[in-house]
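Me: I am new to this structure and would like to go through it slowly, place by place. Please show it first, and then take my questions in turn.

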Amino acid sequence: MDQIQGKHFSITDPQGVNTIIYRVNKTDKKLLDEYPKYTVQRLIYAEELNGDLKKKTFFVDEPKAEEELVILSFGKDRVVVNMGVLAEDKVKIAKRPIPIKFDTLYSEKETEYKEFKYTPDLKRPISIIDPETGEEVKPILYFDQETNEVKGKCKLKPYKSYFAFEIRDKKEDI
C-alpha cells in the first residue's frame with residue numbers, strides 16, 4: 001500500500017455549510033514563462049458525521065515548512081473566503097492574506113470559460129466551483145494543434161451560478 005508523507009488537520013462544518021480547502025502553489029522561477037505564477041490544488045479529505053456536524057480531515061501531501069491555504073465555506077446563499085497557513089501541525093488564519101480574485105459566474109446560455117494549459121496534476125491558476133455541491137467543474141481536455149499542447153476549458157451550464165477564483169500577485173489589479 002502506498003504511504004502518504006504529509007500532514008493533516010481537521011475542521012468541523014455546522015449544518016448547511018460545506019468547507020473546501022485549496023493549497024496555493026508558487027511556480028518555480030524557471031517555469032514562469034510557460035506557467036502562471038500561482039496555481040491551486042484542492043486538498044483531499046475524509047469526512048465523518050457527528051450528529052448535525054461534519055468533521056473533515058484534510059491531507060497535505062509532501063508539505064513545505066509553510067503552506068498557504070484558501071479556505072472556502074459554502075453556505076446557503078454565500079461563500080466565506082479565508083486565507084490560512086499550515087505551519088508545523090497547526091492551521092492559522094493569515095494576518096496578511098494573499099490577494100484572491102473571485103467572481104460569481106452566471107449565463108443564460110451554455111458557455112466555455114477560461115482556457116488554460118493542461119498539467120498532469122491538474123494544477124491551474126483558476127478554479128470554478130458549483131456552490132450547491134462544493135465540487136469543482138472538471139475541465140474538458142483537448143489537443144490544440146496550433147500550439148501543439150493539451151489544453152482545458154470548463155463548460156458552464158445555463159441558468160446556474162458558479163464561484164470562480166484565482167490567486168494573483170499583490171501588485172496586480174484585484
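Me: Where along the chain does Tyr-159 lie?
Reply: This is a predicted model, in which local features need pLDDT of at least 70, side-chain atom pairs count only at pLDDT 80 or more, and totals for chains, interfaces and linings use all residues. Residues are numbered from 1 along each chain as its sequence is written, and side-chain values use heavy atoms, with hydrogens and water left out. Helices (H or I, at least four residues) and strands (E, at least two) are DSSP runs numbered from the N terminus. Tyr-159, which is not a glycine yet has a positive phi near 60°, lies in the loop between strand 13 and strand 14.

Me: Is Tyr-159 buried or exposed?
Reply: A residue counts as buried under 20% relative accessible area, as exposed over 50%, and as partly exposed in between (1.4 Å probe, protein chains only). Because its relative accessible area is 56%, Tyr-159 is exposed.

Me: How many strands does the protein chain have?
Reply: From the N terminus on, every element in the run of the protein chain is a β element. The protein chain has 0 helices, and its strands number 14.

Me: Which strands stand at the edges of the sheet with the order 1-5-4?
Reply: Two strands pair if DSSP finds at least two bridges between them, and here 3 strands form an open sheet with antiparallel pairing. Each edge strand has a single partner strand, so one side of each is left without a neighbour in the sheet, and these are strand 1 (6-13) and strand 4 (44-50).

Me: What is the bridge partner of Gly-6 in strand 5?
Reply: Strand 1 and strand 5 (residues 53-61) run antiparallel and are joined by 8 bridges. Within strand 5, the residue that bridges to Gly-6 is Asp-61.

Me: Which salt bridge partner does Asp-13 have?
Reply: A salt bridge is a side-chain nitrogen of Lys or Arg within 4 Å of a carboxyl oxygen of Asp or Glu, and the structure holds 5 of them. In one, the nitrogen and oxygen are 3.2 Å apart, and the partner of Asp-13 is Lys-56. Asp-13 lies in strand 1 and its partner in strand 5, so the pair ties together parts that are 43 residues apart in sequence. Asp-13 is buried, and so is its partner, Lys-56.

Me: Which edge strands does the sheet with the order 3-2-6-7-8 have?
Reply: This is an open sheet of 5 strands with antiparallel pairing. The edge strands each pair on one side only, and they are strand 3 and strand 8 (90-93).

Me: Which residue of strand 3 stands opposite Tyr-22?
Reply: Strand 2 and strand 3 pair in the antiparallel sense over 5 bridges. In this pairing, the residue opposite Tyr-22 is Arg-42.

Me: How many residues does the largest nonpolar core have?
Reply: A nonpolar core is a set of buried Ala, Val, Leu, Ile, Met, Phe, Trp, Tyr and Cys residues joined through side-chain atoms within 4.5 Å. Those with the most contacts inside the largest core include Tyr-22, Val-70 and Phe-165, and its residues number 13.

Me: What is the N to O distance of the salt bridge between Lys-160 and Glu-132?
Reply: Lys-160 also meets Asp-130 in a salt bridge (3.1 Å, N to O). At 14% relative accessibility Lys-160 counts as buried, whereas Glu-132, at 68%, counts as exposed. The closest N and O atoms of Lys-160 and Glu-132 are separated by 3.4 Å.

Me: Which residue takes a positive phi in the hairpin of strand 12 and strand 13?
Reply: Strand 12 and strand 13 (residues 149-156) run antiparallel and are joined by 5 bridges, with Tyr-142 opposite Lys-151. The hairpin has 4 residues between the strands, and the residue with a positive phi near 60° is Asn-148.

Me: Which residues make the nonpolar surface patch of about 250 Å²?
Reply: Patches are made of residues with over 30% relative accessible area and no salt bridge, like charges being joined within 9 Å and nonpolar side chains (Val, Leu, Ile, Met, Phe, Trp, Tyr) within 5 Å. Accessible areas come from the Shrake-Rupley method with a 1.4 Å probe, and for residues only the protein chains shown count as cover. One member is in strand 12 (residues 140-144) and is partly exposed, with a relative accessible area of 41%, namely Leu-141. The patch is made by Leu-141, Phe-143 and Val-150.
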